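Trainee: Could you take me through one part of this structure closely, explaining each term as you reach it? I would like to follow how strands are matched with one another, and then what lies beyond them.

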Amino acid sequence: MDSRRRVTAVLGPTNTGKTHHAIERMLTHRTGVLGLPLRLLAREVYDRVVAKAGPSVVALVTGEERIVPERTQYWICTTEAMPLDIGADFVCVDEIQLCADPERGHVFTDRLLRARGLNETLFLGSDTMRGAIAGLVPNLTYTRRDRFSTLSYAGSKKISRMPPRSAIVGFSVENVYAIAELIRRQKGGCAVVMGALSPRTRNAQVELYQNGDVDYLVATDAIGMGLNLDIKHVAFSSTAKFDGRRMRPLLPQEIGQIAGRAGRHTEDGTFGVTGEARPFDESLVEEIETHRFAPVKKLMWRNSDLDFTSAEHLIAALERPTFDEWLSRARDADDVLALKALSAMPEVAEKLTNPRRVQLLWDVCRIPDFRNASEADHTHLLSRIFDFLVGRGIGGGRIPSDWLAKAISRIDRSDGDIDMLSRRLAYIRTWTYVAQRKGWVDDESHWRGETRAVEDRLSDALHQRLTQRFVDRRTSVLLRRLKQKEDLVAEVNDKGEVTVEGQFVGRLEGFRFQQDAAAGSDESRTLRQAALAALRPELHLRADRFYNAPDTEMDFTEQGGLMWGSSAVGKLVKGADPLKPAVEPFADEDADPDVTEKVRRRLQHFIDRKVAALYEPLLVMGRDEALTGLARGFAFRLTEALGVIPREAVAQEVKDLDQDARGALRKHGVRFGQYTIFLPALLKPAPTRLRLVLWSLWNGLSEFPESPPPGLVTIPNIADVPKEHYTLSGYRPAGARAIRIDMLERLADILRTKDSRAGFEATPDMLSITGMTLDQFADLMTGLGYKGEKAERPKVKPARAEPAPGEVEAAIEAAAAAGQPIPEEISILAPVAPPPEAPETGEAVEAEAPVEMEAYYTFTWAPKPRHQRPERGPRPERGERPARGDRGPREGQPRREPAQGERPQGERPQGERKAEGEVRREGGEGRKDRGPRNEQRGGKPHGKSGGKPERRHDGGKSFEAHPPRKEKPIDPDSPFAALLALKGKV
């Protein structure tokens with residue numbers, strides 16, 4: 001590739017995927033170096049590259065951390081720690097707009113001018129750097145990337161009104177802690193992210209925010225440098241910052257860099273101000289929303305061609321001016337100030353005898369002032385380190401291990417508050433930086449591991465203190481809710497146990513506090529009072545969670561209780577309508593009224609939706625304006641009965657309904673059964689369970705009947721249980737068991753096809769529907785009004801069917817065509833069973849095998865009379881004959897009147913049909929008794945139907961007026977010839 005086309009500037013606002021693009025490009029090369037502005041960001045990118053390429057080829061190099069595998073291919077570094085002389089194929093510098101930063105700008109400018117990859121070089125940053133990069137880097141390829149989401153201004157908001165997933169930005173430690181404390185009191189907690197935190201502490205705090213434990217983040221401007229967090233709103237608590245020298249207002253591009261953290265990837269974000277910060281003016285808002293800022297005109301620069309001949313020459317080289325129109329000499333940084341101070345000290349100056357010692361002094365001066373100590377303290381520490389390193393020979397000394405061990409041991413303590421732990425972390429960062437320098441300590445790997453272990457312990461302790469102070473309600477919210485002087489702390493764990501100062505005082509069950517029965521002393525009463533006062537915010541939070549919980553987390557019990565998970569939160573009470581029950585929440589008497597009201601509203605919403613979902617067919621039928629007259633009244637009656645009503649209870653109403661009314665009701669799913677009027681959709685387990693609760697509430701029962709287990713066709717018929725409870729459960733008692741009403745109607749449909757007068761037997765379909773044995777079925781039929789007579793008979797075994805000749809031949813031909821063997825049962829080679837041998841004369845005939853008997857029942861309709869039959873009219877005299885067309889019984893057979901309680905749907909017994917047929921054959925009134933027609937032996941038959949004599953069925957001969965027909969010979973080719981021959985053999 002042409003060397004003039006190796007450099008590319010990828011510029012654009014935040015949330016454009018520039019860093020992701022750089023990682024992908026680096027991994028396409030054999031080797032690469034990626035420089036990042038912050039140690040925290042370097043650690044985050046290192047973890048991402050390790051996940052893609054593996055830890056054996058990825059190095060992490062910062063001022064305080066150095067992980068360099070033997071086969072390193074990719075270097076993830078802070079910008080200051082980038083190796084420039086390894087000849088990497090790919091080199092990238094992120095946040096290149098920091099070239100204009102007064103403190104660190106000269107480092108980024110140096111990388112812009114000198115850092116190059118053999119094959120590809122990328123500079124990532126803001127579009128404001130386009131002109132400056134083009135002016136300093138020839139043959140530059142420029143690529144602009146647009147933001148994935150929209151960023152808009154939301155104005156000023158109070159912290160109490162801050163939306164969830166918000167980040168509040170402060171520019172001092174004191175400001176950050178004050179905001180975090182305020183959010184803790186008003187919002188329940190927040191995470192804290194600052195640049196001074198170690199990566200371990202920062203990652204733990206970020207995880208606290210990212211996993212949803214807290215919804216708010218308080219941070220310094222460190223979040224503006226590439227930390228990808230799930231932030232929807234960024235609020236500035238101040239618009240000025242201290243830059244190390246003075247307080248100055250934030251630049252528009254700095255505000256845009258931080259505000260751009262809102263709305264990651266494709267989700268839109270907002271920004272605004274809070275607290276004492278003044279709202280942004282319209283011009284600034286437009287710049288931030290459109291990402292158009294004033295271009296950078298000057299880059300901070302410091303000479304990198306250093307002269308180590310002497311301290312004076314080194315200082316002169318560092319102060320060398322530049323004459324490039326794009327560059328401006330940077331002000332003296334901390335390392336230059338330290339060099340000037342140390343070189344002016346006589347005890348140091350006398351040791352600067354050669355360039356190597358001058359270069360060693362410069363390396364010592366570049367130790368960052370992590371402690372933010374005074375200039376004199378920092379200078380004294382550096383002079384001590386330089387004195388150790390000069391030691392024996394020319395820079396061949398080492399920092400004494402015992403001195404270093406004492407310095408680290410004073411820091412290795414996890415007690416103290418947040419400020420104390422933060423200072424110790426700053427101190428250990430100094431020794432971590434020293435241990436990373438090659439040749440400064442003995443046993444470098446040991447001290448690097450030791451300083452890293454101390455930093456991890458302090459980081460964990462700091463994270464714990466931050467969490468306790470800004471998240472744990474035990475030390476914040478509860479203390480401020482107490483209105484007493486005693487310093488008492490209450491805690492509620494996941495099991496609902498409430499403790500005050502570590503002593504168990506009771507449980508929080510739902511929204512009620514149950515005090516421990518053992519607490520009775522004055523101290524216990526004080527603890528209870530403190531717990532109740534401290535539980536008020538917990539009740540509010542729990543009420544909010546309950547109000548937003550889905551219906552799937554709630555349920556009702558068979559006794560009318562209302563549950564949220566495993567906690568009882570209320571009960572159902574009688575309402576204005578059976579289908580509109582009311583609720584009574586279970587809330588502690590000391591809870592705020594709005595908590596109780598919120599629980600009540602949520603419970604009412606739940607039960608209303610539950611009734612509407614399970615009883616939708618019934619409710620729709622009640623609202624149907626097309627139902628009028630008797631149909632509407634019957635629908636109201638069915639609604640009152642909650643969708644299930646015995647037919648005998650509404651027999652007259654059903655009789656009064658015409659077919660149009662019944663059809664209108666059937667459209668809503670109403671089934672007019674022989675025993676019950678019901679809606680099949682309301683017989684499912686869930687509506688049945690709710691029906692029993694609603695009916696019990698409406699009738700004021702103290703103990704509600706329980707619904708039977710789902711899926712059972714029959715259940716035991718308990719004498720103490722009212723019949724109405726079975727009906728509400730969807731069952732009808734009959735005998736020793738109760739059968740489900742929909743299955744009973746299926747059974748009734750089969751019974752209507754049987755002759756209930758002559759009697760019928762139980763079929764397999766009947767037993768299958770009920771799931772009963774024959775004896776259980778007989779008991780059920782007795783309960784339904786049938787009489788069952790049990791008898792026995794020989795069990796008939798099904799005879800083996802002999803195949804017809806035609807079937808044998810067809811099967812043989814089919815087997816031959818398919819290439820399959822001939823079935824054994826039709827093969828001519830199959831052995832023939834020998835005929836039974838007749839017993840010889842004189843031998844005793846063996847006893848025949850016992851005949852297997854089977855029991856069966858014959859059922860006839862025999863209901864018990866329910867009341868006295870009405871009086872009948874006078875019968876005609878015995879000598880009178882019925883008029884023509886009248887139907888009468890045969891002589892000697894009394895006329896049968898229908899019994900009271902007889903099934904209206906049953907068919908007429910065949911005995912009656914036969915009797916009526918004989919009456920019709922006897923003729924009408926005035927006919928002479930000439931006897932049966934078959935007794936006339938000759939002459940012309942009477943009546944107009946003559947011509948053919950009546951055919952006899954008693955085996956006698958019959959005569960016809962025409963000669964017999966000739967029988968035609970059978971065609972031997974006809975298919976009926978084989979059948980006729982087979983018939984003759986049979």
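Mentor: Two strands are said to pair if DSSP finds at least two bridges between them, and the strands themselves (E, at least two residues), like the helices (H or I, at least four), are DSSP runs numbered from the N terminus. Please keep in mind that this is a predicted model, in which local features need pLDDT of at least 70 and side-chain atom pairs count only at pLDDT 80 or more, while totals for chains, interfaces and linings use all residues. Residues are numbered from 1 along each chain as its sequence is written, and side-chain values use heavy atoms, with hydrogens and water left out.

Let us begin with Val-7, which stands opposite Thr-121 in E7. Strand E1 (residues 7-11) and strand E7 (residues 120-125) run parallel and are joined by five bridges. Both belong to an open sheet of eight strands with mixed pairing, whose order is E4-E3-E5-E2-E6-E7-E1-E8. At its edges are strand E4 (66-67) and strand E8 (141-144), each of which pairs on one side only.

Beyond the sheet, consider the largest nonpolar core, which has 65 residues, Ile-385 and Trp-431 having the most contacts inside it. Such a core is a set of buried (under 20% relative accessible area, 1.4 Å probe, protein chains only) Ala, Val, Leu, Ile, Met, Phe, Trp, Tyr and Cys residues joined through side-chain atoms within 4.5 Å. Helix H15 (residues 418-436) gives the most to this core, with nine residues.

Terms used:
Buried < 20%, exposed > 50% of the residue type's maximum accessible area, 1.4 Å probe, protein only.
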